[in-house]
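Subject: Structure handover

Hi,

Here is the structure I promised to pass on. Please open it first, then read my notes below with the model beside you.

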Amino acid sequence: MISQRSDKNPAGKHLPELLDCCGGLNNVDYSKMDLTLIEELLTHINCHDFSFCVAVIAIIFNPFFWNVVARWEHRTRRLSRMFGSPYFACYFLGFVIILLNVYRSHSMTVAMKAQAKWDVMDRLDIFYTGVVLMVLGTVLVVSSFLALGFTGTFLGDYFGILMDEKVTGFPFNIMENPMYWGSTANYLGLALMGASPVGLVLTAIVAVVYKVAIRFEGPFTEQIYQETSQRRKHE
């Protein structure tokens, strides 16, 4: 880069070189990093524990299930025909999703209780940080539901139940997908309150799974509204 810049400086003027902090990340000696805390965290986690495996499966299965079923409904309208109404079909899927999420929360709680606490986390300040996260997460989840309504929350768009306009009020005016991140905050708060290292790992898995789900749901939902808008223009 420096040689290219000098070619474009025929007057021979001196140009200051860009500072490269620490010589770049390639020059960092990772072998000297202190990984004691991470190693200690991993010693408190038994990945072969049955309850841990069940929790991981529940975490991954839930978004996979509702995305597959909702896309199938959007393509075939089978559920709407089965229940005689897209609203009844959406209510049915919504209640199934609620039950699945209740079981996911239960399985994560069982996994946390089945494995040891971590003394590093078993402190009053961390406990109250967990309480704050639980309150914040609950506010995000409840306010999202109130803003979207039942069908807006539980994939009504895939059933042809479209919203008149995009929701821009709280909490959507402070972040995207507040219900997902509010739910993640709840799990993180629960892990901190219980001083549970396995809870931290499960929460990280929840965050990753939600991130993947958003990558699929966002563009597909936008496509639904674009197709509907184009269809209305031609009517």
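**What I found**

Val102 is exposed, because its relative accessible area is 53% and the cut-off for exposed is over 50%. Val102 sits in helix H5. Keep this residue in mind, as it comes back below.

One caution before you go on. This is a predicted model.

**The overall fold**

The protein has 8 helices and 0 strands. Read from the N terminus, the elements go α-α-α-α-α-α-α-α. The protein has 235 residues, and 35% of them are buried.

**A nonpolar patch on the surface**

Back to Val102. Val102 belongs to a nonpolar patch on the surface, together with Met82, Phe83, Tyr87, Phe88, Tyr91, Phe92, Phe95 and Ile98. Together these residues have about 900 Å² of accessible area.

Which helices supply the patch with at least two residues each? They are helix H4 (78–83) and helix H5 (86–114). H5 gives the largest share, 7 residues.

**The largest pocket**

Next, look for open space. Rolling a probe the size of a water molecule over the atoms shows where empty space is left.

The largest pocket has a volume of about 1400 Å³. Its lining is made of 39 residues. Closest to the centre are Leu148, Gly152, Thr153, Phe172 and Asn177. Four elements are worth colouring here: H5, helix H6 (124–153), helix H7 (178–193) and helix H8 (197–234). Each of these gives two or more residues to the lining. Which element gives the most? The answer is H8, with 7 residues.

Now zoom in on Gly152. Gly152 lies in helix H6. Is Gly152 buried or exposed? Gly152 is buried, because its relative accessible area is 18% and buried means under 20%. Gly152 and Leu162 are 10 residues apart in sequence. In space, their C-alpha atoms are 7.9 Å apart.

**The loop between H6 and H7**

Two residues in this loop deserve a look.

Pro171 is found in the loop between H6 and H7. The peptide bond that runs from Phe170 to Pro171 is cis. Its omega is near 5°.

Glu176 is in the loop between H6 and H7 too. Glu176 counts as exposed, because its relative accessible area is 55% and the cut-off is over 50%. Glu176 and Ile214 stand 38 residues apart in sequence. From C-alpha to C-alpha, the distance between Glu176 and Ile214 is 9.8 Å.

**Two positive phi angles**

Arg77 has a phi near 60°, which is positive although the residue is not glycine. You will find Arg77 in the loop between helix H3 (50–76) and H4. Arg77 is partly exposed, at 27% relative accessibility.

Ala195 is another residue other than glycine with a positive phi, near 50°. Ala195 is in the loop between H7 and H8. Buried or exposed? Ala195 is buried, at 1% relative accessibility.

**The cysteines**

A disulfide is a covalent bond between the sulfur atoms of two cysteines. How many disulfides does a search of the whole structure find? The search finds 0.

Take Cys53. Cys53 is in no disulfide, and the nearest cysteine sulfur is that of Cys47, 7.9 Å away. That distance rules out a disulfide, because the two sulfur atoms would have to be within 2.5 Å. Cys53 is partly exposed, with a relative accessible area of 32%. Cys90, in contrast, is buried, at 0% relative accessibility.

**A salt bridge**

The count comes to 1 salt bridge. Which side chains meet in it? They are those of Asp125 and Arg123, at 2.5 Å from N to O. Asp125 is partly exposed, with a relative accessible area of 40%. Arg123 is partly exposed as well, at 43%. Both values fall in the band between buried and exposed, because buried stops at 20% and exposed begins at 50%.

**Where to begin**

Start with the patch on H4 and H5. Then turn to the pocket and find Gly152. Finish with the cis bond from Phe170 to Pro171.

Best wishes

Methods: Residues are numbered from 1 along each chain as its sequence is written. This is a predicted model: local features need pLDDT of at least 70, side-chain atom pairs count only at pLDDT 80 or more; totals for chains, interfaces and linings use all residues. Side-chain values use heavy atoms; hydrogens and water are left out. Patches are made of residues with over 30% relative accessible area and no salt bridge: like charges are joined within 9 Å, nonpolar side chains (Val, Leu, Ile, Met, Phe, Trp, Tyr) within 5 Å. Accessible areas come from the Shrake-Rupley method with a 1.4 Å probe; for residues, only the protein chains shown count as cover. A salt bridge is a side-chain nitrogen of Lys or Arg within 4 Å of a carboxyl oxygen of Asp or Glu. Buried means under 20% relative accessible area, exposed over 50%, partly exposed in between (1.4 Å probe, protein chains only). On a 1 Å grid over the protein atoms alone, a cavity is a set of points where a 1.4 Å probe fits but cannot get out, and a pocket is an open set with protein on both sides within 12 Å along at least five of seven lines; lining residues have an atom within 4 Å of a point. Grid points are joined across faces, edges and corners, and a volume is the space filled by probe spheres set on the points.
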